[in-house]
Amino acid sequence: MRKDFTGIPGSDWHLAGGTYHFSGPPDDCTGTLSVVNHSDQRIRIRRLQTVQPSRSRKGFTPLTQTRIRLRTTVAPNSDAEASARLELPDNIAPGRYLALLKTGDEKITLEVDVEATRRLELDPEEHLLVGRAAEPVSFRVDVLNAGNVPVNILPMMPVWLLEEDWNQRVLVSVLQESGDTDDFATVAQRLLERARQDIPAPAEVQASPAPPLTLAPGDTTTLTLSLTLPENLAVGREYAGHVRINEERVDLEVYCEGPAAHPNMEPPAVVTNN
């Protein structure tokens, strides 16, 4: 395993004095460090350890021990600026923090500004649904608040289901039906009529538990989503759409296995194997 650094901190190298500033969201909180090498050897630094300050400062929260990642090589008897990233928990609250870096007997102050980040993670991100036209289908989605502030899960918008390869199939069909004397307007009108006939109406999405919901940083909830498939889905065809949960989406692939059931239709016979 490679060492965090070479040389002896405080003897072979040190950080230039002053206060260093890091800022950004938890997964990309970055800053710049000034490394001074006063030895006759090259110094390589990959990681540094911070310590929690023993004293507080007004307007700052003491940052618990963590690490700084960087990758720098400093030539003998010279100095260099190194880009560095602070390792922080994903759900650390936004705000101003204070940390210390020790190089030998020297203590360097770090002022850290953690920015707010809103991010939901969905699992799974896609679903295959099989059902009959005009009948309800449902599925589950785990929603994780991977950000560092509470997130309100909003009501879902209706879902548009579009038949896969519909454009190609219908265009070929309309062109085959058209005669040599049909002009562009006539063909376009036929396409429009087919679109009105074939494209399903949007399906309303119901969620349980029902939004709006507030999800704290690091928390997970399971949503059961249900929708009634449109009546004019064609049997044996596949449709694609997606459900949006805030800015994220769950992709849907829907296979229509049967037509809408007639109110007076008898249930199918049950076949048993003797």
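Is Leu-128 buried or exposed? In this predicted model, Leu-128 is exposed, because its relative accessible area is 59% and anything over 50% counts as exposed. Have a look at what sits around that side chain. Leu-128 joins Val-130 and Tyr-255 in a nonpolar patch on the surface, covering about 280 Å².

Now for the backbone underneath. Leu-128 belongs to strand β11, which spans residues 126-132. That strand is part of an open, four-stranded sheet with mixed pairing, and the order across the sheet is β11-β19-β18-β14. β11 and β14 (162-163) are the edge strands, so called because each one pairs on one side only. The neighbour of β11 is β19 (residues 248-258), and the two run parallel, held by seven bridges. One spot to find by eye is Arg-132, which stands across from Gly-258 of β19.

Stay with Arg-132 for a moment, since its side chain has a partner too. Arg-132 and Glu-135 meet in a salt bridge, at 3.7 Å from N to O. Both ends can be reached from outside to some degree: Glu-135 is partly exposed at 30% relative accessible area, and Arg-132 is also partly exposed, at 25%.

Let's move to another part of the chain, around strand β6 (residues 67-74). β6 has two faces: Ile-68, Leu-70, Thr-72 and Val-74 make up the covered one, while Arg-67, Arg-69, Arg-71 and Thr-73 line the uncovered one. What does β6 pair with? β4 runs antiparallel to β6, with six bridges between them, and Ile-45 sits opposite Thr-72 of β6. β6 also pairs with β7 (residues 78-86), again antiparallel, through three bridges. Here Ile-68 has Leu-86 of β7 as its bridge partner. The hairpin of β6 and β7 leaves three residues between the strands, and Asn-77 adopts a positive phi near 50 degrees there. As a general reminder, strands in a sheet pair through backbone hydrogen bonds, in a parallel or an antiparallel way.

The arginines in this region deserve a closer look. Arg-71, from the uncovered face of β6, gathers with Arg-2, Arg-42 and Arg-44 in a positively charged surface patch. Arg-44 comes from strand β4 (residues 43-51) and is partly exposed, with a relative accessible area of 32%.

Arg-67, on that same uncovered face of β6, has an acidic partner instead: it forms a salt bridge with Glu-87, with the closest N and O atoms 3.4 Å apart. Glu-87 lies in the loop between β7 and β8 (95-103), so this pair ties β6 to a part of the chain 20 residues away in sequence. Glu-87 is partly exposed at 21%, and so is Arg-67 at 26%.

How many salt bridges does the structure hold? The total is ten. In general terms, side chains of opposite charge can pair when their charged atoms come close. One of the ten links Arg-57 and Glu-111, whose closest N and O atoms are 2.7 Å apart. Arg-57 is in the loop between β4 and β5 (61-62) and Glu-111 is in strand β9 (residues 106-114), so the contact ties together parts 54 residues apart in sequence. The two ends differ in cover: Arg-57 is partly exposed at 34%, whereas Glu-111 is buried at 12%. The pair also belongs to a wider set, as salt bridges with shared partners join Arg-57, Arg-96, Glu-111 and Asp-113 into one network.

Key: Residues are numbered from 1 along each chain as its sequence is written. This is a predicted model: local features need pLDDT of at least 70, side-chain atom pairs count only at pLDDT 80 or more; totals for chains, interfaces and linings use all residues. Side-chain values use heavy atoms; hydrogens and water are left out. Patches are made of residues with over 30% relative accessible area and no salt bridge: like charges are joined within 9 Å, nonpolar side chains (Val, Leu, Ile, Met, Phe, Trp, Tyr) within 5 Å. Accessible areas come from the Shrake-Rupley method with a 1.4 Å probe; for residues, only the protein chains shown count as cover. A salt bridge is a side-chain nitrogen of Lys or Arg within 4 Å of a carboxyl oxygen of Asp or Glu. Lys and Arg count as positive and Asp and Glu as negative; His and the chain ends are not counted. The place of a charge is taken as NZ of Lys, CZ of Arg, CG of Asp or CD of Glu. Buried means under 20% relative accessible area, exposed over 50%, partly exposed in between (1.4 Å probe, protein chains only). Two strands pair if DSSP finds at least two bridges between them.
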